[in-house]
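Hi there,

Here is the structure I promised to pass on. Have a look at it first, and then read on for my notes.

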Amino acid sequence: MDFMSFVALVIFAGFAVRTVYLLLREESQKDLLLTTGLWGLALLAWALYLGTDRGWKPAVLAVVALSITTFGLSFYGLLKLREERPEEFEKEL
């Protein structure tokens, strides 16, 4: 395992722990959607690194598609949540 794969492993383990924590807490859907969106972006960065470093294999392209889908669904969920509960978004402003 090279250094970048180890860094990615630590980052994704952190995202997994935070996601499980937010799922069990069930308080803020916004935090869960933001965490999922960041996870998708981190996955995209890792897939782009793998693609440029090791070649664009079908598995890497599948990870790119998964990461874009994850980020897109998270963004869509945030937009829908903003329509349903705008008060959650006003308290940070």
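How many helices and how many strands does the chain have? The count is 4 helices and 0 strands, and from the N terminus on the elements run α-α-α-α. Please keep in mind as you read that this is a predicted model.

**The chain as a whole**

The C-alpha atoms fill a box of roughly 45 × 25 × 20 Å along the principal axes. Of the 93 residues in the chain, 26% are buried. If you look at contacts with a separation of 6 or more, residues 24 or more positions apart account for 56% of them.

On the outside, the chain exposes about 6500 Å², and carbon and sulfur atoms supply 70% of that area. As for charge, there are 9 positive and 11 negative charges, and their mean positions are 4 Å apart.

**A nonpolar patch on the surface**

You may like to colour this one in your viewer. Leu 38, Leu 41, Phe 71, Phe 75 and Leu 79 make a nonpolar surface patch of about 440 Å². Helix 2 (29-54) and helix 3 each supply at least two of the patch residues. Which helix gives the largest share? That is helix 3, with 3 residues.

One patch member to click on is Phe 75, which lies in helix 3. Its relative accessible area is 47%, so Phe 75 counts as partly exposed, a class that runs between the 20% limit for buried and the 50% limit for exposed.

**Val 60, also in helix 3**

Helix 3 covers residues 58-84, and Val 60 is found in it. Is Val 60 buried or exposed? Val 60 has a relative accessible area of 11%; because buried means under 20%, Val 60 is buried.

What does Val 60 touch, leaving out residues up to four places away in sequence? The list is Ala 47, Leu 50, Gly 51 and Gly 55. For a distance to check on your screen, take Val 60 and Asp 31: they are 29 residues apart along the chain, and their C-alpha atoms are separated by 28 Å.

So helix 3 holds both of the residues I picked out for you: Val 60, which is buried with a relative accessible area of 11%, and Phe 75, which is partly exposed at 47%.

Happy browsing, and all the best!

Terms used: Residues are numbered from 1 along each chain as its sequence is written. This is a predicted model: local features need pLDDT of at least 70, side-chain atom pairs count only at pLDDT 80 or more; totals for chains, interfaces and linings use all residues. Side-chain values use heavy atoms; hydrogens and water are left out. Buried means under 20% relative accessible area, exposed over 50%, partly exposed in between (1.4 Å probe, protein chains only). Contact means heavy atoms within 4.5 Å. Accessible areas come from the Shrake-Rupley method with a 1.4 Å probe; for residues, only the protein chains shown count as cover. Lys and Arg count as positive and Asp and Glu as negative; His and the chain ends are not counted. The place of a charge is taken as NZ of Lys, CZ of Arg, CG of Asp or CD of Glu. Patches are made of residues with over 30% relative accessible area and no salt bridge: like charges are joined within 9 Å, nonpolar side chains (Val, Leu, Ile, Met, Phe, Trp, Tyr) within 5 Å. A salt bridge is a side-chain nitrogen of Lys or Arg within 4 Å of a carboxyl oxygen of Asp or Glu.
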